[in-house]
Every structure is written in structure tokens, then in C-alpha cells.
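This report covers one protein chain. The sequence and the model are shown first, followed by notes on strand pairing, a pocket and model confidence.

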Amino acid sequence: METNLIEITPETAIELYPEAMVEEMGYTYVHITGYPNLFYDSDWWINIWRTTFLVDSLTNDSIELISAVNIPFGPDRHYFKHKGDRLNFTLIFPKLPKSWEAFHLFENAPSGGFEIRNIGCNETGIYRLKL
């Protein structure tokens, strides 16, 4: 009798069950909804660079991005087809140090990247943002 078992590695577990891995594996999940620019006409795109960090708002200590789900790494791009489109994606970082009270999200990209400042830390390690 043949079974259809799927081997779950830590990497695939993160993609399949991100919230369940927070306590067990010690990750921080930043769920982001990206929207096109209000002045979008055509060919508007989004991506994330591997040089993306979370930075403690007090000490400037930083932690590096581990992985991203549902968004291409630069220079690859996701193109929006219509003005009202959006892209939901998740950035995965190591667990935040307990000493952090707030942090900034910085993308260090060749074209400048983006930043979201003063995100308050919480007990869950799960954050939801709009970009």
C-alpha cells in the first residue's frame, strides 16, 4: 500500500504554518499588504531585497531577514495588473530580543528601499503592516 506522505522540513513548515512556528522555532513574522502607488498608471511593481532588517529603535541593534513568502527577492519583481491590486506577503526574521520595545523595518535596496518606523513589540511575534 502506497502512502502520499509529504516530508515537512523547517523551511516548508514556516511556509505552511507560519503562526504555529513562532513559539517552537522562535521566529518573527511580519505580514505585509503591499498596494500600488496612488498615481499608478502601469508597470508598477514590488519586490523585497535580502538586505532587509529589523532595527531596535533604542540601540540600533539589527537582525537580518531570513526568508520571504509570496514576494520575489530583488531584482526580480511582482507586477501589479490593476490599480486596485494588492499583494500579501510575509517576511520572516529571527525572534526579537526580549529587550526590544519597538523596532523599525528597513529595506536596504539599490533604489533606496522603504522603511516603517516605531513598530511596537508584542508577545506573539506576529505583526501586520501595510505598505
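## Strand pairing

Leucine 54 has leucine 105, in strand 8, as its bridge partner. This is a predicted model. Strand 3 covers residues 52-56 and strand 8 covers residues 102-107; the two run antiparallel and are joined by five bridges.

Strands 3 and 8 belong to an open sheet of four strands, with the order 4-3-8-9 and antiparallel pairing. At the edges are strand 4, residues 62-64, and strand 9, residues 115-120, each of which pairs on one side only. From one strand to the next, the twist averages 20°. In general, the strands of a sheet pair through backbone hydrogen bonds, in either a parallel or an antiparallel manner.

## Second largest pocket

The second largest pocket holds about 270 Å³ of space. It is lined by 15 residues, and those closest to its centre are Trp45, Ile46, Asn47, Glu107 and Ser111. Glu107, one of these, is also the residue at which the range of strand 8 (102-107) ends.

Sorted by class, the lining of this pocket comprises ten nonpolar, three polar and two charged residues.

## Model confidence

The average pLDDT of the protein chain is 84, and 76% of the residues score at least 70. Over residues 1-6 the pLDDT is below 50, and this stretch makes zero contacts in the model beyond near neighbours in sequence. Predicted coordinates should not be read in detail where pLDDT is low.

Key:
Residues numbered from 1 in each chain as written. Predicted model: local features only at pLDDT ≥ 70, side-chain atom pairs only at ≥ 80, totals over all residues. Heavy atoms only, no water. pLDDT = per-residue confidence, 0-100. Contact = heavy atoms within 4.5 Å. Pairing = 2+ DSSP bridges. Axes fitted to C-alpha atoms, helices over the stretch in contact; angles between N-to-C directions. 1 Å grid on protein atoms, 1.4 Å probe; cavity = no way out; pocket = protein on both sides within 12 Å on 5 of 7 lines; lining within 4 Å. Points joined across faces, edges and corners; volume = space filled by probe spheres on them. Nonpolar A, V, L, I, M, F, W, Y, C, P; charged D, E, K, R; others polar.
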